[in-house]
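Subject: Handing over a structure

Dear colleague,

Here is the structure I promised to pass on to you, together with some notes to read beside it. Please keep it open while you go through them.

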Amino acid sequence: MSDHELAARLATQAGELLLAVRNELADAPVAERKAAGDKRSHDFLMKALGAERPGDAVLSEEGDDDAVRLRAQRVWIVDPLDGTREFSEPGREDWAVHVALWASGELVAGAVALPAQGFTLATPHVAPPPAHHGPPRIVISRTRPPAIALQVRERLAGTLVELGSAGAKVAAIIQGLADVYVHAGGQYEWDSAAPVAVARAAGLHTSRVDGSALVYNQPDALLPDLLVCRPEHAEAVLAVTG
């Protein structure tokens, strides 16, 4: 099984597990539902990767950061549940599972599962978004819209689209439901690695908000800002954010 196929399979299966957890704990306190989702998905991914790729390192949001990854040639970067808040709210679909592979300095495979929406986006082949001729749609967090996104909306005379997880935001661009995702409020490598991998496969622009490259598997996993957008908007957005 290729790394692309493995990423897609594990993200999808973790998503199916999360749907079961959500149903099982539908009447449980929100905190319990969040904790169970995070832990069970993390445990599943760690066990599966240990079995399928025993020689690889793993960086997971829910696991202890092992410095061995800094000497490894292959590192899986995973977010077992991106959008825990949305996962915990009945009926919300804007949460995801991220599974990405970094190898020798680059993201080489990735998958973003949207379990409640019933699909997974995965490398190496992701269809580009359909054409859009209206004002650019800037996707933002429904709870913490960053000021930089509001500045981009104003400069580009765009509209706002509210969604939860980073994976759901990038998926919305690929689906043609949004055009620009810009974030500068603080993220970590697991928040963006898989979304960036699938965005690149779909032909989207990906960078830091100053236009510099996104670099993964660093000693500090903090990767605080991100721009993913249709390529025709990149220059205009970077004129605001860079």
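The notes below take up the two sheets, one lysine and a pocket.

This is a predicted model, in which local features need pLDDT of at least 70 and side-chain atom pairs count only at pLDDT 80 or more, while totals for chains, interfaces and linings use all residues. Residues are numbered from 1 along each chain as its sequence is written, and side-chain values use heavy atoms, with hydrogens and water left out.

Helices (H or I, at least four residues) and strands (E, at least two) are DSSP runs numbered from the N terminus, and two strands pair if DSSP finds at least two bridges between them. One open sheet has 5 strands in the order β1-β2-β3-β4-β5, with mixed pairing. Because β1 (57-60) and β5 (119-122) stand at its edges with a single partner strand each, one side of each is left without a neighbour in the sheet. From one strand to the next, the twist averages 15° (axes are lines fitted to C-alpha atoms, for helices over the stretch in contact, and angles run from 0 to 180 degrees between N-to-C directions). Helix α1 (residues 3-24) packs on this sheet, touching β2, β3 (96-103), β4 (106-114) and β5, where contact means heavy atoms within 4.5 Å. Helix α6 (residues 189-201) lies across β1, β2, β3, β4 and β5, at about 95° to β4.

The other open sheet, again of 5 strands with mixed pairing, follows the order β7-β6-β8-β10-β9, and its twist averages 20° from one strand to the next. Helix α5 packs on this sheet and touches β6, β7, β8 and β10 (226-229). Within the sheet, strand β6 (residues 137-141) pairs with β8 in the parallel sense over 2 bridges, and valine 139 has tyrosine 181 in β8 as its bridge partner.

Lysine 169 belongs to helix α5 (residues 166-175). Is lysine 169 buried or exposed? Lysine 169 counts as buried because its relative accessibility is 4%, given that buried means under 20% relative accessible area, exposed over 50% and partly exposed in between (1.4 Å probe, protein chains only). Beyond its neighbours within four places in sequence, lysine 169 is in contact with residues including Val139 and Tyr181. A polar atom of the lysine 169 side chain lies 2.2 Å from the backbone oxygen of glycine 164.

Finally, 26 residues line the largest pocket, and Asp82, Gly83, Arg144, Ser165 and Asp191 lie nearest its centre. A pocket here, on a 1 Å grid over the protein atoms alone, is an open set of points where a 1.4 Å probe fits, with protein on both sides within 12 Å along at least five of seven lines, and lining residues have an atom within 4 Å of a point.

With best wishes

Methods. Polar contact = N/O pair within 3.5 Å; in protein donor to acceptor, adjacent residues only side chain to side chain.
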